[in-house]
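This report goes through a protein model from its sheet outward to its helices and loops. The sequence and the structure are shown first.

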Amino acid sequence: MILYLHGFNSTPDSRKAQTLHDYMRRQGLGALFACPRLPHRPEQAVDAIERELAQRDPRSVTLVGSSLGGFYATWFAERRNLRAVLIQPAVTPYLGSPVFEIDRPHASELEFEAVLLLGAIEHLAGQFGELVQ
């Protein structure tokens, strides 16, 4: 199950979300894709993601997050021991936010510029079989 988390001011209709969903449909895996509409407010976005996760076996979930969705994916993956693939994740949106408590010694672990797309493809290939022919 892929739970795609879109970025700030984006929607489940974004090009990245639709491209991934279309690809999964062509592979016969469309039913294993979900992309909730995330509200702008962090508290509400976290609640929306919590509701989606509550409907699924955590062992079956891989979070795929883009931009702010990548931050949420990291946050949930660390707290719930979930798999995550990050696409150009936001790395410091928590600054000044009362929602996310991140100790300063651990904040540097989140400060990276990008995640290698090859690693994401390898992860998905391992989960769903050969994706690229």
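In this predicted model, Ser-66 stands opposite Ile-87 in strand 4. Ser-66 belongs to strand 3, where it points to one side together with Thr-62 and Val-64. The bridge position is part of a longer run, since strand 3 and strand 4 are paired in the parallel sense over five bridges.

**Overall layout**

The protein contains five helices and four strands. Read from the N terminus, the order of elements is β-α-β-α-β-α-β-α-α. Of its 133 residues, 43% count as buried. Among contacts with a sequence separation of 6 or more, 56% are between residues 24 or more positions apart.

**The sheet**

The four strands form an open sheet in the order 2-1-3-4, and the pairing is parallel. Strand 2 (33-34) and strand 4 are the edge strands; each has a single partner strand, so one side of each has no neighbour in the sheet.

On its other side from strand 4, which strand does strand 3 meet in the order 2-1-3-4? The order places strand 1 there, and four bridges join strand 1 to strand 3, the two running parallel. Two of the partner assignments can be named: Ile-2 is bridged to Thr-62 in strand 3, and Leu-5 has Gly-65 in strand 3 as its bridge partner.

How many of the five residues of strand 3 are buried? Five of the five are, so strand 3 is largely enclosed by the rest of the structure. Thr-62, Val-64 and Ser-66 point one way and Leu-63 and Gly-65 the other way, and all are buried. The burial of strand 3 therefore applies to residues pointing either way from the strand.

Helix 1 (residues 15-26) lies across strand 1, strand 2, strand 3 and strand 4. The helix runs at about 165° to strand 1.

**Helix 3**

Helix 3 covers residues 68-80, a total of 13 residues. From its first C-alpha to its last it reaches 18 Å, close to the 18 Å expected at 1.5 Å a residue.

The helix is mostly covered, with 10 of its 13 residues buried. The buried residues are Leu-68, Gly-69, Gly-70, Phe-71, Tyr-72, Ala-73, Thr-74, Trp-75, Phe-76 and Ala-77. What covers them includes strand 1 (2-5), helix 2 (42-54), strand 3 (62-66) and strand 4 (83-87).

The structure holds three aromatic pairs. One of them is formed by Trp-75 and Phe-76, in an edge-to-face arrangement with 5.3 Å centre to centre and 85° between the planes. The label edge-to-face applies because the angle of 85° is over the cut-off of 60 degrees. Are the two residues of this pair buried or exposed? Trp-75 is buried, because its relative accessible area of 13% is under the 20% limit. Phe-76 is also buried, at 1% relative accessibility.

**Loop residues with positive phi**

Most residues other than glycine have a negative phi. Two exceptions are set out in the table.

| Residue | Phi | Loop | Relative accessibility |
|---|---|---|---|
| Asn-81 | near 55° | between helix 3 and strand 4 | 73% |
| Gln-88 | near 40° | between strand 4 and helix 4 (104-107) | 59% |

Asn-81 comes just after helix 3. Asn-81 counts as exposed because its relative accessibility of 73% is over 50%. Gln-88 also counts as exposed, at 59%.

**Arg-56**

Where is Arg-56 placed relative to helix 2 and strand 3? Arg-56 is in the loop between helix 2 and strand 3. Its side chain reaches the backbone oxygen of Glu-52 at 3.0 Å. With its neighbours within four places in sequence left aside, Arg-56 is in contact with Met-1, Ala-34 and Val-61. Of these, Ala-34 falls within strand 2 (33-34).

**Recap**

The sheet is open and parallel, in the order 2-1-3-4, and strand 3 has five of its five residues buried. Helix 3 has 10 of its 13 residues buried, including Trp-75 and Phe-76. Asn-81 and Gln-88 count as exposed.

Terms used
Residues numbered from 1 in each chain as written. Predicted model: local features only at pLDDT ≥ 70, side-chain atom pairs only at ≥ 80, totals over all residues. Heavy atoms only, no water. Phe/Tyr/Trp six-rings, centres within 6.5 Å; stacked < 30°, edge-to-face > 60°. Buried < 20%, exposed > 50% of the residue type's maximum accessible area, 1.4 Å probe, protein only. Expected span 1.5 Å × (residues − 1). Contact = heavy atoms within 4.5 Å. Pairing = 2+ DSSP bridges. Axes fitted to C-alpha atoms, helices over the stretch in contact; angles between N-to-C directions. Polar contact = N/O pair within 3.5 Å; in protein donor to acceptor, adjacent residues only side chain to side chain.
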